[in-house]
Amino acid sequence: MDEDQKSILRRASSRFPIPPGAKFSYGTAGFRADALVLESTVYRAGILAALRSLKTRSVTGLMITASHNKISDNGVKIADPSGGMLTQAWEPFADALANAADSDSLLQLIIEFAKKESIVIDGNCRAEVLLGRDTRPSGESLLEAAKQGINSIVGSAAIDMGILTTPQLHWMVRARNKGVKASERDYSEQLSSSFRCLMTLVPGECKVKGTDNKLVVDGANGVGGGKLECLMNMLDGLVIEVRNDGKGGGILNEGVGADYVQKEKVVPQEFGSNDVGMRCASLDGDADRLVYFIVPSASSDNIVLVDGDKILSLFALFIKEQLGILYKGVHENNAYQARLGVVQTAYANGASTDYLKGLGLEVVLTPTGVKFLHEKAAEYDIGIYFEANGHGTILFSDSFLCWLEKRHNELPEGSEQQKAAVRLLAVSKLVNQAVGDAFSGLLLVEAILQNLNWSINHWSELYRDLPSRQLKVKVMDRTAVVTANAETVAVKPPGIQEAINAETVKYPRGRSFIRPSGTEDVIRVYAEASTQEGADTLAQSVAKLVEQFLG
């Protein structure tokens, strides 16, 4: 970096001073805060995205969103060349960038990091960053700050892809780096054509008409509502009614959205007695989460929730079934032995884990956080992961897809095995293999329900969730709790796990664990039991143990 380039960066960064007393930390959700204090952080995230592009010699992405947070918040996160989240190895540098005290400190940090990572900043190497934002009012000015950050690194180009869902931006980054077309139109065409393919293979006796194929969707008054309406125009065999699309004066994530529905277990705004028995779904603010629900009665606001664990179970059941058909009559030595794995966290309801294991599936747990789930799922030929909050996807290995294409071409046209191969190939194109995507998840749920000829009630009754309770305990120092075995066992402070075990065995089907929060000085307590009273009492007992051991 020559003196002219340093001068450009100094001048640009001086226009975005860090707010006094502010402290930013890059996590699973990127940087998130009140939008009023974010300009300097988003500017520096632009620098981060450009440097990442230079380092990898690939296209990266930058998305401005705060997902399910309130409308006055905003955030920024980086998409790596794979379309996934920023590599964890760069998170400490992201923190240091965001918290650099002034222009000189920022410049020094960039120079030292570029040297350590062998990143050449001379204008000859080109960087390219795709930008997206959701519909928050603060998004426009923050997008401008991101562009300024990217342009501060000589040879970098910021390409504004417009208002998008988070998964759309991640999909575009992945597509660009695979050398395929990557516009919003291309995204919609891939989803709709894969969905059509799955729908053409629905057995004749399973095809539904009229209200049975209608789905009512809560768009969280966010970007997802309007974008889903655009996608609907390209779909056949499914009628979608979108409510809370952000155009009718509703407020983003206020009494609406997947996060609200999953946590409160009540109907979102604009839903009620007229929706009894209908198939309903809810997106979150940036459309990367999806839950379904049923309104069981006109006399109550309560819902029957069909959460991420049930979506995972439906996907796993269908894929296992298709693999069974594909391998029927094939000798083990002549077939690619695909490893199918299901990945959950300790927060997954115990009933869902028991159900999946009962299907004979390999189920593994990881620590909480999408990055851990995604990483583990990528170890399988087909890896399915979901959190109960509705965030998840399916990953297919290149080697399995290569074999599947070849096998599909060898099989007799119209045979059940060939149809199974077509279905699996269509699923691999329908799902967003970069990140969890409410649109691709929704279309896959709808296609599977029709293929199986299932109602939402039948799906909801796959298993009955065990009653659970989550609590938070404020502590002086959350780092005093250290966990192991995917956060299911507390190894510090000494003796606490034995005390938790002694409480847990008192309750039929009891299970409980504790883990430190990633963002605040609290310890999170989770408890399950065969009754709600049992789960509540167990959670309270374990919370008291935390207070005793940690003070």
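How much space lies in the second largest pocket? A few notes on that, and on two serine and threonine positions, follow.

1. Bear in mind that this is a predicted model. To take the pocket first: about 450 Å³ of space lies in the second largest pocket. Its lining is made up of 17 residues, and those closest to the centre are Arg-174, Lys-178, Gln-190, Ser-428 and Lys-429.

2. As for where the lining of this second largest pocket comes from, helices H6 (166-177), H7 (184-200), H13 (398-410) and H14 (416-430) each put in at least two residues. By character, the lining splits into seven nonpolar, three polar and seven charged residues.

3. Thr-166 has its place in helix H6. With a relative accessible area of 1%, Thr-166 counts as buried, because the cut-off for that is under 20%. Leaving aside residues up to four places away in sequence, Thr-166 touches Met-63, Thr-65, Lys-77 and Asp-286.

4. Ser-517 is in a loop, the one between strand S18 (511-516) and strand S19 (522-528). Loop or not, Ser-517 is buried, at a relative accessible area of 3%. Again setting aside residues up to four places away in sequence, the ones Ser-517 touches are Arg-478, Val-522 and Arg-524.

5. One detail to look at on screen: the Ser-517 side chain reaches the backbone nitrogen of Glu-520 at 3.1 Å. Also worth displaying is Ser-25, which is 492 residues from Ser-517 in sequence but 14 Å from it in space, C-alpha to C-alpha.

Notes:
Residues numbered from 1 in each chain as written. Predicted model: local features only at pLDDT ≥ 70, side-chain atom pairs only at ≥ 80, totals over all residues. Heavy atoms only, no water. Helix = DSSP H or I, 4+ residues; strand = E, 2+ residues; numbered from the N terminus. Buried < 20%, exposed > 50% of the residue type's maximum accessible area, 1.4 Å probe, protein only. Contact = heavy atoms within 4.5 Å. Polar contact = N/O pair within 3.5 Å; in protein donor to acceptor, adjacent residues only side chain to side chain. 1 Å grid on protein atoms, 1.4 Å probe; cavity = no way out; pocket = protein on both sides within 12 Å on 5 of 7 lines; lining within 4 Å. Points joined across faces, edges and corners; volume = space filled by probe spheres on them. Nonpolar A, V, L, I, M, F, W, Y, C, P; charged D, E, K, R; others polar.
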